[in-house]
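These are my notebook entries on one model, written down in the order in which I looked things up. I kept to what I could read from the coordinates and from the record.

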Amino acid sequence: MRIGIAGITGRVGRLLVQEVLAAGAVLAGGTTRHPEQAGDLARILPQNTPLLADMAELARISDVVIDFTHADTVIPNARALAQGGAAWVLGTTGLSPMQLDAVREAAGHIAVVHAANFSPGVTLVQRLATMMGRALPAESYDAEIVEMHHRQKVDAPSGTALAIGEAVARGRDVALAEVRESGRDGHTGPRKPGAIGFAALRGGQIVGEHEVLFTSADEQISLAHKAFDRRIFATGAVRAALWLENRDSGLYNMEDVLGLPPL
Ligand SMILES: NC(=O)C1=CN([C@@H]2O[C@H](COP(=O)(O)OP(=O)(O)OC[C@H]3O[C@@H](n4cnc5c(N)ncnc54)[C@H](OP(=O)(O)O)[C@@H]3O)[C@@H](O)[C@H]2O)C=CC1
Ligand SMILES: O=C(O)C1=N[C@H](C(=O)O)C[C@H](O)C1
């Protein structure tokens, strides 16, 4: 399988190079906005690996493209991949509703795995969060999600925190947009009944930590996940890319990749 990497110079992109090669796949090439400045990548790339500024070109030479870049790239990347026919593993977070629509539209033409977090642990946390949302009544148990990441992270709350929030909302049979409370500051008034709250902390080199807490007047139950090494995301994304081989067009997630039965 020929795997292309969008955002090959990035924190996850560089780990993807190693994981694609370790999986025995062919590294088709990668995108960067500055191919002429990516000289230091040569140390980890097989000779003559194409570094391209254009996603359409990468789509032409790849069976699947793994994409960890920036939300601004999602709409053009969706079009380029749908036209080029390569499958898409998308890990970029901070997507707007319009960018999410572009992902769904692309999935009408190509196979797409989209996940805010490619670690098996977080995939399980999302599932457990749905079960907890279902079992713990919103009138009694206040749901809050706390996330911590490194100082370079540009979006908040993290994609994973929002995905956990969606999972709790699904369990409660409500739309997250209707009950979401983020960025409390100043005279906010009391907590709204049934709200799902978010808090985002940033500092140092924290890889990614998430906790969802359900607090009632009498008890608290929480579910926490810590990623110790960013490589867990790269390994999961390559697993998703291999799983996509010969897959029909459609939108898939990490639960599909891990083969978890529907809840
Ligand atoms: N789903 C998951 O499991 C995970 C998701 N993520 C998400 O993946 C994305 C990338 O994370 P990370 O590797 O840490 O980020 P980096 O900033 O380290 O890398 C992103 C790369 O994307 C390229 N890029 C292309 N277009 C843009 C643009 N418009 N603005 C900024 N960069 C651009 C840059 O390469 P160049 O400058 O060479 O063009 C950059 O090196 C983020 O959205 C992050 O939240 C991160 C970890 C896990
Ligand atoms: O930007 C990161 O680093 C991460 N982003 C993802 C997110 O927004 O949830 C996943 C992981 O937590 C690391």
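Which residues does UniProt give for the feature "domain: Dihydrodipicolinate reductase C-terminal"? The record, an unreviewed entry, places this feature at residues 121-258. I note at the outset that the model is a predicted one, and that the end C-alpha atoms of residues 121-258 lie 11 Å apart, with 37% of the span in helix and 27% in strand.

**Entry: the sheet.** I next traced an open sheet of five strands, whose order is 8-9-7-10-11 and whose pairing is mixed. Its edges are strand 8 (180-182) and strand 11, each of which pairs on one side only. On average, and with direction ignored, neighbouring strands of this sheet are turned by 15 degrees against each other.

At one edge I found strand 8 running parallel to strand 9 (residues 196-202), with three bridges joining the two; Ser 182 has Phe 198 of strand 9 as its bridge partner. At the other edge, strand 10 (residues 208-215) and strand 11 (residues 220-227) run antiparallel and are joined by eight bridges. There I noted Ala 224 in strand 11 as the bridge partner of Glu 211, and a hairpin that leads from strand 10 to strand 11 through four residues.

**Entry: helix 6.** Is helix 6 largely enclosed or open to the outside? I found 13 of its 14 residues buried, so this helix is largely enclosed by the rest of the structure. I also checked the length of helix 6 (residues 159-172): at 1.5 Å a residue its 14 residues should span 20 Å, and the end C-alpha atoms are indeed 20 Å apart, which agrees.

**Entry: backbone exceptions.** I kept in mind that most residues other than glycine have a negative phi, and that most peptide bonds are trans. In the loop between strand 7 (142-149) and helix 6 I came to Pro 157, where the peptide bond from Ala 156 is cis, with omega near -10 degrees.

Just after helix 6, Asp 173 takes a positive phi of about 60 degrees; this residue lies in the loop that leads to helix 7 (176-179). Is Asp 173 buried or exposed? It has 9 other C-beta atoms within 10 Å, and since 12 or fewer count as exposed, Asp 173 is exposed.

I found a positive phi, near 60 degrees, at Asn 246 as well, in the loop between helix 8 (231-243) and strand 12 (250-252). With 8 C-beta neighbours inside 10 Å, Asn 246 also counts as exposed.

**Entry: the ligand shells.** How many residues surround ligand 1, and which come nearest? I counted 25 around this ligand, of which Gly 7, Gly 10, Thr 32, Arg 33 and Gly 91 come nearest. Helix 1 (residues 11-22) provides the largest share of this shell, three residues. Sorted by class, the shell of ligand 1 holds six nonpolar, 15 polar and four charged residues.

Around ligand 2 I listed Thr 93, Ala 116, Asn 117, His 149, Lys 153, Ser 158, Gly 159, Thr 160 and Gly 208. By class, this shell has one nonpolar, seven polar and one charged residues. Setting this list beside the earlier entries, I see that Gly 159 and Thr 160 fall within helix 6 (residues 159-172), while Gly 208 falls within strand 10 (residues 208-215).

Key
Residues numbered from 1 in each chain as written. Chains lettered and ligands numbered in written order. Predicted model: local features only at pLDDT ≥ 70, side-chain atom pairs only at ≥ 80, totals over all residues. Pairing = 2+ DSSP bridges. Expected span 1.5 Å × (residues − 1). Buried ≥ 20, exposed ≤ 12 C-beta atoms within 10 Å, placed from the backbone. Near = placed C-beta within 6 Å. Nonpolar A, V, L, I, M, F, W, Y, C, P; charged D, E, K, R; others polar. UniProt positions renumbered as here; feature names shortened; annotations may be inferred. Axes fitted to C-alpha atoms, helices over the stretch in contact; angles between N-to-C directions.
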